[in-house]
Amino acid sequence: MKNFEELCLDPRILRAVTEMGFEQASPIQEQSIPIAIEGKDMIGQAQTGTGKTAAFGIPMLQRVDPHNKKLQAIVLCPTRELAIQSANEIRRLAKFMHGIKILPVYGGQDISKQIRSLKGGVQIVIGTPGRVIDHINRHTLKLGMVGTIVLDEADEMLNMGFREDIELIMEQLPEQRQTLLFSATMPKPIMEIAKQYLHQPEMVKVVKKELTVPKIDQYYYEVNPRKKNEVLSRLLDMHDPELSLVFCNTKKKVDELVEDLKGRGYFAAGLHGDMKQSQRDRVMNGFRNGRTDILVATDVAARGIDVDDVEAVFNYDVPQDEEYYVHRIGRTGRAGRSGRAFTLVVGREIYKLKDIQRYCKTKIKRQPIPSADDVTDIKAEKILERAGAIIENENLGKMIDILEEHLDEKDYSSLEMAAALLTMHMGESFSGETAEEDFGDTGAEPGMVRLFINIGKKQRVRIGDILGAIAGESGLEGRLVGAIDMFDSYTFVEVPREYASEVIEAMRNAKIKGKTVNIEPANRK
Ligand code: AMP
């Protein structure tokens with residue numbers, strides 16, 4: 001695995017990468033960056049979560065001239081969410097390169113605002129194909145100086161019906177240009193596009209080694225990104241491992257998570273590549289002698305550590321590569337002990353997890369996020385078990401005397417007293433926290449919620465309009481939206497359970513085809 005220093009990056013990008021907390025180039029970056037920096041065409045087979053945005057973003061930035069205010073690079077991507085996300089990532093990479101302007105353009109946003117920004121001089125545009133064409137037609141995007149075009153998530157763009165739009169854009173670009181195509185899958189239409197528009201492209205695909213996964217129980221949880229810390233703490237409370245390892249993808253996340261966990265009362269410490277040897281030794285000693293029971297680490301930092309009795313591994317971030325997954329979870333279940341691995345998955349990272357399962361030939365089981373009540377029950381059970389052992393093994397005569405006297409005096413029942421003592425032992429309680437909304441059975445597929453929308457064929461809406469509105473308003477990726485059944489005056493659409501509240505909230509004042517809509521969980525027929 002290479003450091004970014006070995007990839008001959010512009011020092012300003014190197015500085016940004018360091019600040020972003022990246023410790024090493026991901027496999028797709030290690031291979032793509034040298035090819036793309038040279039200006040060659042390239043096809044990269046990579047999923048979301050592999051670091052692909054930086055894989056094309058870094059070379060793109062190195063090739064853009066900050067003194068030239070004309071448009072020099074375009075990234076086409078399938079959704080507004082991805083356009084915004086990629087623009088943010090590339091902006092962060094460009095933080096120390098003064099004079100480079102990056103703008104996301106997508107349908108649904110006021111076009112006059114975009115036009116105003118474009119007039120100020122933008123070198124890199126990241127947009128959805130429809131909106132990019134709109135700007136080309138209005139001459140607010142001029143393609144004459146475009147030296148690089150990236151087709152990001154090309155398979156997804158074709159799934160969403162953007163093929164003609166892409167072709168229209170490609171036809172108008174200068175002949176002399178670099179074309180980079182990224183796609184998770186390589187079906188025939190993608191290869192056709194590659195054949196037509198790419199010039200002697202190099203193929204980049206991360207070659208997999210044979211991987212053996214230790215036989216340990218592996219679970220995953222689909223989480224809302226904002227709830228990751230909460231879910232992690234529930235899992236820690238529920239399973240109560242004596243020693244656990246938590247993996248994050250960046251140094252920055254390690255630091256943030258350690259602070260958060262400490263704030264929640266856990267004994268956690270972080271380990272990453274920026275730390276001095278003496279600091280690392282201190283952290284490791286604390287972990288070995290039980291002062292710290294949660295070690296939060298990056299992949300690089302964890303490589304050097306040797307601890308045998310880790311009870312559970314948590315992947316706070318889905319690893320960027322299958323091999324990392326195997327290394328990570330191999331930290332538990334050693335020396336004949338039982339071990340468990342838990343992975344938090346956000347949105348489309350589920351595809352990355354599917355890749356991991358396929359390549360590693362392993363089964364990672366989906367689990368519902370434990371509710372606050374589940375955690376309370378399990379905590380109570382553990383405390384009562386310990387109490388049982390005390391009843392069996394210790395002489396309680398003196399304590400019984402104290403209690404008898406006290407209960408007589410105060411007129412409490414022994415059950416009330418036991419419940420109060422149990423409450424004291426439970427520590428921080430979750431009471432007052434609102435439980436995640438339960439939509440009950442809406443007749444949807446497992447893991448999904450079926451939503452009712454009061455608009456249908458009669459209002460001349462198409463399935464694409466519904467999909468577009470949901471993706472556009474809530475930021476939910478198009479491919480996460482499930483079945484859409486359209487009737488004359490209403491439509492049913494299925495969305496993942498963990499996003500249902502957000503979708504309903506985002507659609508509250510939304511319009512589809514100019515009509516304000518009402519959206520609510522469907523009633524089971
Ligand atoms: P992407 O595959 O481009 O969607 O990237 C997924 C996430 O990985 C983003 O949050 C990036 O900031 C992050 N990332 C990209 N490259 C690296 C790296 N080399 N090390 C750690 N995180 C990275």
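In this predicted model, Arg163, Glu167, Met170 and Glu171 of helix 8 meet Pro189, Glu192, Ile193, Gln196 and Tyr197 of helix 9, where a contact means heavy atoms within 4.5 Å and helices are DSSP runs (H or I, at least four residues) numbered from the N terminus. Helix 8 spans residues 163-172 and helix 9 residues 188-197, and the two pack at an angle of about 10° with their axes 12 Å apart. Helix 8 is therefore roughly parallel to helix 9, a term for angles under 35 degrees.

Local features need pLDDT of at least 70 and side-chain atom pairs count only at pLDDT 80 or more, while totals for chains, interfaces and linings use all residues. Residues are numbered from 1 along each chain as its sequence is written, and side-chain values use heavy atoms, with hydrogens and water left out.

Further along, the axes of helix 10 (residues 228-239) and helix 11 (residues 251-263) come within 11 Å and cross at roughly 55°. Here Asn229, Leu232 and Leu236 in helix 10 meet Leu257, Asp260 and Leu261 in helix 11.

Leu232 and Leu261 appear again, together with Val296, Ile470, Val503 and Met507, as the residues with the most contacts inside the largest nonpolar core, which has 48 residues. Such a core is a set of buried Ala, Val, Leu, Ile, Met, Phe, Trp, Tyr and Cys residues joined through side-chain atoms within 4.5 Å, buried being under 20% relative accessible area with a 1.4 Å probe and protein chains only. Beyond its neighbours within four places in sequence, Val503 is in contact with Leu451, Ile470, Ser474, Leu476, Val495 and Ile519.

Technical notes: Buried < 20%, exposed > 50% of the residue type's maximum accessible area, 1.4 Å probe, protein only. Axes fitted to C-alpha atoms, helices over the stretch in contact; angles between N-to-C directions. Parallel < 35°, antiparallel > 145°, perpendicular 65-115°, else oblique.
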